[in-house]
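Thanks for coming. I will show one model and go through a few parts of it, and questions can wait until the end.

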Amino acid sequence: MKNICLLGSTGYIGNNAIEVIKENPEEYRIVALGAGRNIELLCSQIQELKPRFAAVENSKLADNLRAALANGCNTHIVDGPEGYIQIATLPEVDLVVAAMAGAAGLLPTYSAIRSGKDIALANKETLVVAGSFLMKEARARSVQILPIDSEHSAIQQSIQGHRREDLKRIVLTGSGGPFKDCSLERLSTVTPEEALQHPKWKMGKKITIDSATMMNKGLEAIEAKLLFDVDMDQIEIILHPQAIIHSMVEYMDGSIIAQLALPDMRIPISYALSYPRHLKGQLPAVDFLEIGNLSFEKPDTKRFRCLDLALEAGYTGQSMPAVVSGANEIAVKAFLDRKITFLGIPQLIERTMEQHEPYPIDSIDRALEADRWAKVRAALILDEMVGSEKHS
């Protein structure tokens, strides 16, 4: 029985993780849930799963949650950053599922690593903001970082049983999102509602927009560099609209090993929880005759400027990936709030990058400092962009 702390329980990954855990009650037990502001859903999760602990964003939400729970509930409610850290480092926890959105998941994940907990990682920002430092900490404590992203899960599966020295190239695949073939003119008129309609995956708002801009694929390249200890030059990104091949690994002799599956996050979640086993799932088999063809295309970085910016940050290294991540959070929110256009997202990120002088990330404080700097600077640039738009 594996005891699990689930950070981000009310989000897309969190809900799917709960489904996987409920399908395997003899394998997993949830001992702690961490959520943000969705108290109603968290309350129902607590009543069903009966964890020992639950954490929310602040004390007011904690009071609301206590009031909403029925009398006799034995779940201890904690709050704030300290609360997330507390549940992620509980002595009985074996595995922390890190699925909190944005940089908020960084501190509890770091604390869990320092406590020797294995991590099932769904939070891109954690590795992008402080990846080299966190991976060093994980290696020092023999902690496993098990990726939940479908692409990195595919790579993880494709390298099993092979010498890392024989790895030549990683091929990250991406569907291309809803605007794969759109002109720049069309992209200039994209609405948030249109950008949230992904053709293959059902995900949270932030990651869905990142998929539409292809920022997610650039961030995944940075993650792959860190997770699998390769150079950026060893990573290639290609579009695969069918989203059946989730990524591939090429070896020195020309052999290529790929992982194929239906586009459903329960598969990589299940593998991260059960690693290195493959537990029985509830999904139908892949019908290759129905799919017919598997096709591939080169991504257009003029159309998807965010991809180019993220790759540039990956090559630059140091604090620049953290700055791209932080600026992107501000830009995506601004787009969803209709303050900037879809094409304004890469403009805001690029202007933030231009004003940053990279420095080494040698501590968690330095990583958080870069993230904060990026968000403050991006917010100032956003105000300038909105102001100039009003006067034009």
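This is a predicted model, and I will begin with Glu 48. Its relative accessibility is 45%, so Glu 48 counts as partly exposed. Its side chain meets that of Lys 22 in a salt bridge, 2.9 Å from N to O. Glu 48 sits in helix α2, residues 39–49, and Lys 22 in helix α1, so this pair ties together parts that are 26 residues apart in sequence.

Which other side chain does Lys 22 meet in a salt bridge? That is Glu 19, at 3.6 Å from N to O. Here the two residues belong to one helix, α1, residues 12–23, and because they are three residues apart, about one helical turn separates them. Lys 22 is partly exposed at 36% relative accessibility, and Glu 19 is partly exposed at 37%.

Staying with charged pairs, Glu 194 and Arg 186 form a salt bridge through their side chains, with 2.8 Å between N and O. Both ends are again listed by accessibility: Glu 194 is partly exposed at 31%, and Arg 186 is partly exposed at 30%. There is also a network of salt bridges that links Lys 124, Asp 149, Glu 151, Lys 217, Glu 220 and Glu 223. Over the whole structure, the search finds 31 salt bridges.

Now the sheet. It is open and has seven strands, in the order β4-β3-β2-β1-β5-β6-β7, with parallel pairing. Which strands stand at the edges? They are β4, residues 76–79, and β7, residues 145–147; each has a single partner strand, so one side of each is left without a neighbour in the sheet. From one strand to the next, the twist averages 25°.

Within that order, take β1, residues 2–7, and β5, residues 95–98. These two strands pair in the parallel sense over four bridges. One position to look at is Leu 7, whose bridge partner in β5 is Ala 98. Helix α5, residues 106–114, lies across β1, β5, β6 and β7, and runs at about 150° to β6, which covers residues 118–121.

Next, the nonpolar cores. As background, nonpolar side chains in soluble globular proteins tend to be buried together. In this model, the largest nonpolar core has 92 residues. The residues with the most contacts inside that core are Ile 87, Ile 119, Ile 145, Ile 340, Phe 342, Ile 345 and Ile 349. Helix α17, residues 364–391, gives the most to this core, with 10 residues.

What does Phe 342 touch, leaving aside its neighbours within four places in sequence? It is in contact with Phe 179, Leu 187, Val 190, Ala 195, Ala 212, Thr 213 and Phe 335. A second core, separate from the largest one, has 38 residues, including Leu 6, Leu 33, Val 56 and Trp 201.

The last stop is Ser 274, in helix α12, residues 266–274. Is Ser 274 buried or exposed? The cut-off for buried is under 20% relative accessible area, and Ser 274 has 5% relative accessibility, so it counts as buried. Its side chain reaches the backbone oxygen of Ser 270 at 2.8 Å. Neighbours within four places in sequence aside, Ser 274 is in contact with Lys 2, Tyr 28 and Leu 279.

That is the end of the tour. I will take questions now.

Key
Residues are numbered from 1 along each chain as its sequence is written. This is a predicted model: local features need pLDDT of at least 70, side-chain atom pairs count only at pLDDT 80 or more; totals for chains, interfaces and linings use all residues. Side-chain values use heavy atoms; hydrogens and water are left out. Two strands pair if DSSP finds at least two bridges between them. Axes are lines fitted to C-alpha atoms, for helices over the stretch in contact, and angles run from 0 to 180 degrees between N-to-C directions. Contact means heavy atoms within 4.5 Å. Buried means under 20% relative accessible area, exposed over 50%, partly exposed in between (1.4 Å probe, protein chains only). A polar contact is a pair of N or O atoms within 3.5 Å; within protein, one must be able to donate a hydrogen and the other to accept it, and residues adjacent in sequence count only if both atoms are side-chain atoms. A nonpolar core is a set of buried Ala, Val, Leu, Ile, Met, Phe, Trp, Tyr and Cys residues joined through side-chain atoms within 4.5 Å. A salt bridge is a side-chain nitrogen of Lys or Arg within 4 Å of a carboxyl oxygen of Asp or Glu.
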